[in-house]
Amino acid sequence: MSSKMRSDTHFERVLSYFDENGDGKVSPSELRHRVSMMGGELLQKEAEMAIEALDSDGDGFLSLEDLVVLMEGGREEEKLEDLRDAFEMYDTERCGFITSKSLKKMFRRMGDSKSIDECRFMINQFDLNEDGMLSFHEFTIMMH
């Protein structure tokens, strides 16, 4: 089974949990009820606003497609945040770039010894603009 199929099945289960009347979409009151069953609190107006913000076809309900966008969008945001945190760990000079010097320092912290030339070589593999440093953009490309 492909990961896409597994993923769709997962999203369908989430939809069916919130979709109490089985019509294939989630209303503000269904959202509010299920959130309260999970120990949360959502006012009717908040539920309506949440659905309005995510409702791609304007019918006032969340569809399977809307849930997929919501759940996958959050994951992308989390991944980007994790990448930013990792980038900042390597940016030991706090200059907004990973330099061969900062990379060498990070390797030393991890108990690995690399020469400045080895670090320069590693950076050059992903240094798109050939400035001798990795920007956050170049770092994200390297990590994908």
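The following exercises, each with a worked solution, concern the predicted model shown above.

Residues are numbered from 1 along each chain as its sequence is written, and side-chain values use heavy atoms, with hydrogens and water left out. Because the model is predicted, local features need pLDDT of at least 70 and side-chain atom pairs count only at pLDDT 80 or more, while totals for chains, interfaces and linings use all residues.

**Exercise 1. Determine which residues make up the largest nonpolar core, and which helices supply at least two residues of this core.**

Step 1. A nonpolar core is a set of buried Ala, Val, Leu, Ile, Met, Phe, Trp, Tyr and Cys residues joined through side-chain atoms within 4.5 Å. Buried means under 20% relative accessible area, exposed means over 50%, and partly exposed lies in between (1.4 Å probe, protein chains only).

Step 2. The largest such core has 12 residues: Leu83, Phe87, Tyr90, Ile98, Leu103, Met106, Phe107, Cys119, Ile123, Leu134, Phe136 and Phe139.

Step 3. At least two residues of this core come from each of helix H4 (64-90), helix H5 (100-109), helix H6 (116-124) and helix H7 (136-143). Helices (H or I, at least four residues) and strands (E, at least two) are DSSP runs numbered from the N terminus.

Step 4. Another core, of 10 residues, lies apart from the largest one and includes Val26, Val35, Ile51 and Leu67.

**Exercise 2. Establish which residues of H5 are buried and which exposed residues lie on the face turned away from them.**

Step 1. The buried residues in H5 are Ser100, Ser102, Leu103, Met106 and Phe107.

Step 2. These residues lie on the same side of H5 because they cover an arc of only 160° around the axis. The arc is that of the directions from the helix axis to the C-beta atoms.

Step 3. The face turned away from the buried side of H5 carries exposed Lys101, Arg108 and Arg109.

Step 4. Just after H5, Gly111 has a positive phi of about 85°.

**Exercise 3. Describe the loop residues Thr99, Arg94 and Glu130 by location and accessibility.**

Step 1. Thr99 is located in the loop between H4 and H5. Its relative accessibility is 10%, so Thr99 counts as buried. Leaving aside residues up to four places away in sequence, Thr99 touches Glu93, Ile123 and Met133, where contact means heavy atoms within 4.5 Å.

Step 2. Arg94 is also found in the loop between H4 and H5. Its relative accessibility is 59%, so Arg94 counts as exposed. The phi of Arg94 is near 55°, a positive value in a residue other than glycine.

Step 3. Glu130 belongs to the loop between H6 and H7. Its relative accessible area is 71%, so Glu130 is exposed. Although not a glycine, Glu130 has a positive phi of about 55°.

**Exercise 4. Characterise the packing of H2 against H3.**

Step 1. Two packed helices are described by the angle between their axes and the distance between the axes.

Step 2. Helix H2 (residues 28-37) and helix H3 (residues 44-54) pack at an angle of about 115°, and their axes are 8 Å apart. Axes are lines fitted to C-alpha atoms, for helices over the stretch in contact, and angles run from 0 to 180 degrees between N-to-C directions.

Step 3. Pro28, Ser29, Leu31 and Arg32 of H2 meet Gln44, Ala47, Glu48, Ala50 and Ile51 of H3.
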